[in-house]
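Trainee: Please take a close look at one part of this structure for me. I am new to it, so set that part in its wider context too.

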Amino acid sequence: MTSTDSSPTPATTGPITDTAPVAVIGLGSMGAALARAFLGAGTPTTVWNRTTARAEALAAEGADLAPDLAAAVEAGTVVVTCLRDHQATRELLGALPAEAFAGRTVVVLASSTPAEARETQAWADQRGIRALLGAIMVPTPLIGTPQSLILYAGRRDVLDRSRATLEVIAPNSAYVGDDPGLAPLLDTAMLEVFFAGMTAFLHASAMVTAHGLEAAAFLPWAKEMLAILPDTFDGLAADVDAGSYPGTEDNLAMELAALTHMVTTSRGARVDSRLPELMHDLARQAVDAGHGADGWSRVVEVLRGPGDRA
Ligand SMILES: NC(=O)c1ccc[n+]([C@@H]2O[C@H](COP(=O)([O-])OP(=O)(O)OC[C@H]3O[C@@H](n4cnc5c(N)ncnc54)[C@H](OP(=O)(O)O)[C@@H]3O)[C@@H](O)[C@H]2O)c1
């Protein structure tokens with residue numbers, strides 16, 4: 001991490017103080033939702049999209065349709081881009097002279113990797129473009145609602161300038177640090193928790209349905225396990241940060257037996273067993289290295305491996 005911000009701990013943004021005309025560039029599912037939220041809040045909104053039909057649909061809902069990209073940028077004090085990725089964003093905006101962005105704030109909301117985000121911030125800085133990078137953490141129906149969450153990273157002064165405008169699309173926004181890579185890093189890390197949880201539920205559902213139970217019958221039991229995860233995460237995080245993995249409440253040798261049951265039950269149900277095998281192998285590696293008396297948090301060292309870390 002290279003953030004000079006005191007901590008990547010989310011800090012909620014403050015109250016709305018003003019509004020600005022916006023331009024929304026990129027009107028796929030997410031860009032259209034952003035534009036609709038601005039329109040719904042009464043924000044003057046200009047739209048542009050590579051495929052014009054998508055922009056025309058928004059124009060029918062009250063947006064101003066820019067005839068070209070330059071006109072869209074000119075119309076917005078805050079220019080929100082929501083293209084598929086950062087490379088497409090840089091290529092598109094790079095077709096305009098840097099002067100086209102004078103006096104404007106460009107908010108790049110495409111998903112990316114930390115390296116891509118840093119490249120985009122450097123790209124903007126080199127051109128003197130005032131840019132803010134964000135990662136959208138909610139699906140389109142939540143945009144503009146109190147549950148909407150966007151993580152912003154990079155130049156806090158730029159966020160502060162445009163905060164009132166941006167709160168329209170995500171009142172529950174958070175600034176996570178001055179390293180622009182932090183927003184996509186946390187985005188990716190949060191999605192990993194989400195996808196791993198969904199995949200584990202689907203694997204377990206495949207096992208129980210192979211034995212004649214419905215997934216709906218398993219659901220309350222799955223939720224029982226979900227309910228203990230928040231406290232479990234607290235303990236794991238404390239261990240990871242302390243670099244100490246005491247097996248006072250659980251130990252890997254015991255958990256290896258449970259994971260062996262999981263693999264055996266999965267295979268017995270003729271369900272793809274790679275997921276429990278992965279967890280089993282991680283525990284096995286730690287136990288074989290002499291850490292059988294440690295807690296599950298020791299697995300982080302197996303995952304880190306012996307090599308240099310990014
Ligand atoms: N949808 C979600 O629920 C969601 C949630 C969180 C984050 N996000 C992120 O939001 C971003 C947009 O997602 P989306 O769902 O709106 O995607 P999408 O429906 O596939 O739309 C992609 C948009 O990018 C434009 N585009 C792609 N390549 C381009 C290029 N080379 N030049 C100009 N325009 C280009 C497309 O223009 P055309 O219409 O001309 O193809 C379209 O406007 C992605 O980074 C995604 O990861 C989406």
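Mentor: Start at G103. This glycine sits in the loop that runs between helix α4 (86-93) and strand β6 (105-108). Keep in mind that the model is predicted. Is G103 buried or exposed? Its relative accessible area is 56%. Exposed means over 50%, so G103 counts as exposed. Setting aside residues up to four places away in sequence, G103 touches T77 and R130. Now look across the model to L278. Along the chain, 175 residues separate G103 and L278. In space their C-alpha atoms are 52 Å apart.

That distance fits into a wider frame. The C-alpha trace of the protein chain spans about 65 × 45 × 35 Å along its principal axes. The chain has 310 residues, and 42% of them count as buried. Its secondary structure comes to 11 helices and 9 strands. Now take its contacts at a separation of 6 or more: 65% of them join residues 24 or more positions apart. The exposed surface is about 16300 Å², and carbon and sulfur atoms supply 58% of that area. As for charge, the chain carries 21 positive and 36 negative side chains. The centres of these two sets lie 4 Å apart.

Next, go on along the chain to helix α5. The helix covers residues 114-127, and Q121 is in it. Q121 has a relative accessible area of 6%. Buried means under 20%, so Q121 is buried. Leaving out residues up to four places away in sequence, Q121 touches A131, L133, G154, R155 and P180.

R118 also belongs to helix α5. Its relative accessibility is 36%, and R118 counts as partly exposed. Beyond its neighbours within four places in sequence, R118 is in contact with D179, P180 and G181. P180 therefore turns up in the contacts of both R118 and Q121. With D179 the link is polar: the two side chains meet at 2.8 Å. I25 is 93 residues from R118 along the chain. The C-alpha atoms of R118 and I25 are separated by 21 Å.

Now step back in sequence to strand β3. The strand takes in residues 45-48, and T46 lies there. T46 is buried, at a relative accessible area of 8%. Apart from neighbours within four places in sequence, its contacts are V22, A23, V24, D64, A66, A72 and A75. E91 is 45 residues from T46 in sequence. Between their C-alpha atoms there is a gap of 21 Å.

Leave β3 and you come to N49. This residue is in the loop between β3 and α2 (52-59). N49 counts as buried, with 8% relative accessibility. Outside the four places on either side in sequence, N49 is in contact with G26, L27, G28, R54 and A55. Its side chain makes two links worth finding. One reaches the backbone nitrogen of L27 at 2.7 Å. The other joins a polar atom of the N49 side chain to the backbone oxygen of T51, at 2.9 Å. R36 is 13 residues from N49 along the chain, with 14 Å between the C-alpha atoms.

N49 also leads to the ligand. How many residues surround the ligand? There are 20, and the closest are N49, T51, R54, R84 and S111. T51 adds a polar link through its side chain: one of its N or O atoms is 2.5 Å from an oxygen atom of the ligand. Two residues use their backbone. For S29, a backbone N or O atom lies 3.1 Å from a ligand oxygen. For M30, the matching distance from a backbone N or O atom to a ligand oxygen is 2.8 Å. The ligand taken alone exposes 900 Å², and the protein buries 77% of that.

One more loop before you go. R270 is found between α9 (252-268) and α10 (274-291). Its phi is near 60°, a positive value in a residue other than glycine. R270 counts as exposed, at 79% relative accessibility. G103, where we began, is exposed as well.

Notes: Residues are numbered from 1 along each chain as its sequence is written. This is a predicted model: local features need pLDDT of at least 70, side-chain atom pairs count only at pLDDT 80 or more; totals for chains, interfaces and linings use all residues. Side-chain values use heavy atoms; hydrogens and water are left out. Helices (H or I, at least four residues) and strands (E, at least two) are DSSP runs, numbered from the N terminus. Buried means under 20% relative accessible area, exposed over 50%, partly exposed in between (1.4 Å probe, protein chains only). Contact means heavy atoms within 4.5 Å. Accessible areas come from the Shrake-Rupley method with a 1.4 Å probe; for residues, only the protein chains shown count as cover. Lys and Arg count as positive and Asp and Glu as negative; His and the chain ends are not counted. The place of a charge is taken as NZ of Lys, CZ of Arg, CG of Asp or CD of Glu. A residue is near a molecule or strand if one of its heavy atoms lies within 4 Å of it. A polar contact is a pair of N or O atoms within 3.5 Å; within protein, one must be able to donate a hydrogen and the other to accept it, and residues adjacent in sequence count only if both atoms are side-chain atoms.
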